[in-house]
Each structure stands twice: as C-alpha cells, then as structure tokens.
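New to this one? Here's a quick briefing to read alongside the sequence and the 3D view.

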Amino acid sequence: MTLDIDALPTGLGAPADKALGQARITSLSQLSKYSEREIRALHGMGPTAVGKLRIALAKRGLEFAAV
C-alpha cells in the first residue's frame, strides 16, 4: 500500500467529506488554493474538520490561501 502524501485526511466526517467532494477538492494541494474562510463557508464543514485540514496542510508544508 502506498501512502499518498497529497491525500486529504481521513476521519473528517461525512458532512465535511461531502462538502469537499461537492467543491471538487480532492487533495491537499487543491485545498491550499482556498482560504480558510472559503472552506468554513462550505455547507457541512465544521470547526473540527477545518482544524484537521489545517493540521494536514501544515504537515505537508502547506497552508490555506491568504484572504
């Protein structure tokens, strides 16, 4: 099994997964093109999921886009 370092983290929760899917965000590099405010605005995206995404981005040396 290979580890995809650009993959979104698992365990975000169904509403957050659905929100990212509907926005067609499938990787951390894609996610980094959006501001945290834009991601928080997605229906189903809660503070816990945003925190997990922030941590996953940081582990890869990425961050949310500046506003």
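What follows is a short tour, going from the whole chain down to a couple of residues.

Keep in mind that you're looking at a predicted model. The chain is built with four helices and zero strands, so there's no sheet to hunt for, going by the rule that helices and strands are DSSP runs. Two spots get a closer look below: Ser27, in the loop between α1 and α2, and Gly13, in the segment before α1.

**Overall build**
- Reading from the N terminus, the order of elements is simply α-α-α-α.
- The chain has a radius of gyration of 11 Å, close to the 11 Å that the globule rule gives for 67 residues, so it's as compact as a globular protein of that length.
- If you lay the C-alpha trace out along its principal axes, it spans about 30 × 25 × 20 Å.
- Of the contacts with a separation of 6 or more, 52% are between residues 24 or more positions apart.

**Surface and charge**
- Buried residues account for 30% of the 67 residues in the chain.
- The accessible surface adds up to about 4,600 Å², and carbon and sulfur atoms own 56% of that.
- On the charge side, you'll find 9 positive and 6 negative side chains.
- The centres of those two charge sets sit 4 Å apart.

**Ser27, in a loop**
- To find Ser27, go to the loop that links α1 (14-22) to α2 (28-31).
- Is Ser27 buried or exposed? Its relative accessible area is 10%, so Ser27 is buried, given that the cut-off for buried is under 20%.
- The side chain of Ser27 makes a polar contact of 3.3 Å with the side chain of Asp6.
- That same Ser27 side chain also reaches the backbone nitrogen of Gln30, at 3.2 Å.
- Which residues does Ser27 touch once you set aside neighbours within four places in sequence? They are Asp6 and Leu8.

**Gly13, ahead of the first helix**
- Gly13 has its place in the segment before α1.
- With 30% relative accessibility, Gly13 counts as partly exposed, because that class runs between the 20% and 50% cut-offs.
- Gly13 and Ala49 are 36 residues apart along the chain, yet their C-alpha atoms are separated by 7.4 Å.

How values were computed: Residues are numbered from 1 along each chain as its sequence is written. This is a predicted model: local features need pLDDT of at least 70, side-chain atom pairs count only at pLDDT 80 or more; totals for chains, interfaces and linings use all residues. Side-chain values use heavy atoms; hydrogens and water are left out. The radius of gyration is taken over C-alpha atoms; the globule rule is 2.2 Å times the number of residues to the power 0.38. Buried means under 20% relative accessible area, exposed over 50%, partly exposed in between (1.4 Å probe, protein chains only). Contact means heavy atoms within 4.5 Å. Accessible areas come from the Shrake-Rupley method with a 1.4 Å probe; for residues, only the protein chains shown count as cover. Lys and Arg count as positive and Asp and Glu as negative; His and the chain ends are not counted. The place of a charge is taken as NZ of Lys, CZ of Arg, CG of Asp or CD of Glu. A polar contact is a pair of N or O atoms within 3.5 Å; within protein, one must be able to donate a hydrogen and the other to accept it, and residues adjacent in sequence count only if both atoms are side-chain atoms.
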